[in-house]
Amino acid sequence: AKNKAEEAMATYRTCVADAKTQKQELEDTKVTALRQIQEVIRQSDQTIKSATISYYQMMHMQTAPLPVHFQMLCESSKLYDPGQQYASHVRQLQRDQEPDVHYDFEPHVSANAWSPVLRARKISFNVSDVA
């Protein structure tokens, strides 16, 4: 019984030592995991910081000249003559749509002076000739 008690005590001490070792390994794993998570968070924060700085720099570059452009637009608007663009458009339409037309008229001949040739022309009148 004494030997069995000593064996049980030795087994107990071995189990306690194993438990302590496993507990230490678990703590070491937790510390390692937390350090890695901290590093990933630091890198993510650095990336977000860099992207944010770049974004605001680009926004500044795009919006910095806006006041000057607005002033130029204001000045050019003051020079605008109301109705000017519409009148210009109408003048352009008139030029494009009215081709130069040249009319050829035959001299007036009285009915008494008609010759057989002119009568033949009158008889051969076509609607397509008018067009």
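A residue counts as exposed when its relative accessible area is over 50%, as buried when that value is under 20%, and as partly exposed in between. With that scale in hand, the tour can begin, bearing in mind that what is on the screen is a predicted model.

**Whole chain.** Display the chain as a cartoon and follow it from the N terminus: the elements run α-α-α-α-α, which amounts to five helices and zero strands. Now colour the 131 residues by accessibility, and you will find that 0% of them count as buried. If you switch to a surface, the area that the chain exposes comes to about 12,900 Å², with carbon and sulfur atoms supplying 59% of it.

**Residues 16–43.** Select this span next, since an unreviewed UniProt entry lists residues 16–43 as a "coiled-coil region". In the model the span is 100% helix and 0% strand, and a distance drawn between its end C-alpha atoms reads 41 Å.

**Leu 34 and its patch.** Staying with the first helix, pick Leu 34, whose place is in helix α1, the element that covers residues 2–63. Leu 34 has a relative accessibility of 57%, and it therefore counts as exposed. Add Ile 37 and Ile 41 to the selection and show the surface of the three residues together: Leu 34, Ile 37 and Ile 41 make a nonpolar surface patch of about 300 Å².

**Tyr 55 and Tyr 56.** Where should you look for an aromatic pair? A search of the whole structure finds one such pair, formed by Tyr 55 and Tyr 56, so show both side chains as sticks and turn the view until the two rings can be compared. The ring centres of Tyr 55 and Tyr 56 lie 5.2 Å apart and their planes meet at 70°, an edge-to-face arrangement. On the accessibility scale the two tyrosines fall in separate classes, because Tyr 55, at 43%, is partly exposed, whereas Tyr 56, at 54%, passes the 50% cut-off and is exposed.

**Cys 15 and Cys 74.** Finally, select these two cysteines and check their sulfur atoms, remembering that the structure holds zero disulfides. Are Cys 15 and Cys 74 buried or partly exposed? Cys 15 has a relative accessible area of 47% and is partly exposed, and Cys 74, with a value of 34%, is partly exposed as well.

Technical notes: Residues are numbered from 1 along each chain as its sequence is written. This is a predicted model: local features need pLDDT of at least 70, side-chain atom pairs count only at pLDDT 80 or more; totals for chains, interfaces and linings use all residues. Side-chain values use heavy atoms; hydrogens and water are left out. UniProt positions are given in the numbering used here, feature names are shortened, and annotations may be inferred rather than shown by experiment. Helices (H or I, at least four residues) and strands (E, at least two) are DSSP runs, numbered from the N terminus. Rings of Phe, Tyr and Trp (its six-membered ring) pair if their centres lie within 6.5 Å; planes under 30 degrees apart count as stacked, over 60 as edge-to-face and the rest as tilted. Buried means under 20% relative accessible area, exposed over 50%, partly exposed in between (1.4 Å probe, protein chains only). Accessible areas come from the Shrake-Rupley method with a 1.4 Å probe; for residues, only the protein chains shown count as cover. A disulfide is a pair of cysteine sulfur atoms within 2.5 Å. Patches are made of residues with over 30% relative accessible area and no salt bridge: like charges are joined within 9 Å, nonpolar side chains (Val, Leu, Ile, Met, Phe, Trp, Tyr) within 5 Å. A salt bridge is a side-chain nitrogen of Lys or Arg within 4 Å of a carboxyl oxygen of Asp or Glu.
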